[in-house]
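These are my notes from an afternoon with one protein model. I wrote down each thing I looked up, in the order I looked it up.

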Amino acid sequence: MLVTVVEMVGVLAGVTGVAVGLIALRAARRSVRVCLDALDRRAAVEGPVDSRAIRDVALYRYEALDEMTGRLSFSLALINGFGDGVVLTSINGRTETRTYARAVRGGKGLQPLSPEEEHAVRAARLGIGPEVEPQRLPG
């Protein structure tokens, strides 16, 4: 008798799992259809969309050096639909300016990014640009 109850509970759990899976699959398919419809409508209005083209831009200005004020240093992220692109950084001081360019792939730097560069890339990916307000970043 105990084995029969355990078997019935197992069967009920299995059937419930399959039902939940089918409901999730239907919801996922519905979401994909909605997204594809939105892309079709956008393509009809704007023409075909090239995901390789730069589409996300964010400019993050900050004070990199104590000697300079006015937020003259900056990081500029230029990212495409795949999260690939470049982040350009200019550190401005009284007597010299240093400029860096780092490649970005999938939203991550191929080289380590500074916190300001990461902030610019994140803002670009989130569509917060073109100019991002300064915020205190962990140092």
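**Entry 1: one residue in a strand**

I started with A77, which is found in strand β2. The model is a predicted one, so I keep that in mind for every entry below.

Is A77 buried or exposed? Its relative accessibility is 0%, and A77 therefore counts as buried, since the cut-off for buried is under 20%.

I then listed what A77 touches, leaving out residues up to four places away in sequence. The list holds D56, V57, A58, V86, V87, A120, V121 and A124. I also looked up the distance between A77 and D56: they are 21 residues apart in sequence, and their C-alpha atoms are 7.8 Å apart in space.

**Entry 2: the chain as a whole**

Next I stepped back to the protein chain. I found two helices and six strands in it. Read from the N terminus, the elements follow the order α-β-β-β-β-β-α-β.

The chain has 139 residues, and 21% of them count as buried. I noted about 10100 Å² of exposed area for the chain, with 60% of it supplied by carbon and sulfur atoms.

I also looked at contacts with a separation of 6 or more. Residues 24 or more positions apart account for 42% of these.

**Entry 3: the order of the sheet**

In what order do the six strands stand in the sheet? I read it as β5-β4-β3-β2-β1-β6; the sheet is open, and its pairing is mixed. The edges are held by β5 and β6, each with a single partner strand, so each has one side without a neighbour in the sheet.

For my own reference: strands of a sheet pair through backbone hydrogen bonds, and the pairing is either parallel or antiparallel.

**Entry 4: strand by strand**

I went through the pairs, beginning with β1.

- Strand β1 covers residues 54-62 and strand β2 covers residues 73-80; they are antiparallel and share eight bridges. A58 is the residue opposite A77 of β2, and A58 is also among the residues that A77 touches.
- Strand β6, residues 131-132, runs parallel to β1, and two bridges join them. Here L59 faces E131 of β6, and Y60 faces V132 of β6.
- Strand β3, residues 85-92, pairs with β2 in the antiparallel sense over six bridges. In this pair F74 stands opposite S90 of β3.
- Strand β4, residues 97-105, is antiparallel to β3, with eight bridges between them. G85 has V104 of β4 as its bridge partner.

I checked the turns too. The hairpin of β2 and β3 has four residues between the strands, and G83 in this hairpin takes a positive phi near 85 degrees. β3 and β4 also form a hairpin, with four residues between them.

**Entry 5: a residue in a helix**

After the strands I picked E117, which lies in helix α2. Is E117 buried or exposed? I had its relative accessibility as 0%, so E117 counts as buried.

Which residues is E117 in contact with, once neighbours within four places in sequence are left aside? I wrote down S75, V87, T89, R102 and P112. V87 was already in my notes, as one of the residues that A77 touches.

I looked up one distance for E117 as well. Y60 is 57 residues from E117 in sequence, while the two C-alpha atoms are 8.0 Å apart in space.

**Entry 6: a pocket**

My last item was the second largest pocket, which holds about 150 Å³ of space. Which residues line the second largest pocket? They are G107, K108, G109, L113, E118, V121, R122 and R125.

I sorted this lining by kind and got two nonpolar, two polar and four charged residues. By element, β5 (108-109) and α2 (115-126) each give the lining at least two residues. The largest share, four residues, comes from α2.

One name tied two entries together. V121 is in the lining of this pocket, and V121 is also among the residues touched by A77, the buried residue I began with.

Key
Residues are numbered from 1 along each chain as its sequence is written. This is a predicted model: local features need pLDDT of at least 70, side-chain atom pairs count only at pLDDT 80 or more; totals for chains, interfaces and linings use all residues. Side-chain values use heavy atoms; hydrogens and water are left out. On a 1 Å grid over the protein atoms alone, a cavity is a set of points where a 1.4 Å probe fits but cannot get out, and a pocket is an open set with protein on both sides within 12 Å along at least five of seven lines; lining residues have an atom within 4 Å of a point. Grid points are joined across faces, edges and corners, and a volume is the space filled by probe spheres set on the points. Ala, Val, Leu, Ile, Met, Phe, Trp, Tyr, Cys and Pro count as nonpolar, Asp, Glu, Lys and Arg as charged, and the others, Gly among them, as polar. Buried means under 20% relative accessible area, exposed over 50%, partly exposed in between (1.4 Å probe, protein chains only). Contact means heavy atoms within 4.5 Å. Accessible areas come from the Shrake-Rupley method with a 1.4 Å probe; for residues, only the protein chains shown count as cover. Two strands pair if DSSP finds at least two bridges between them.
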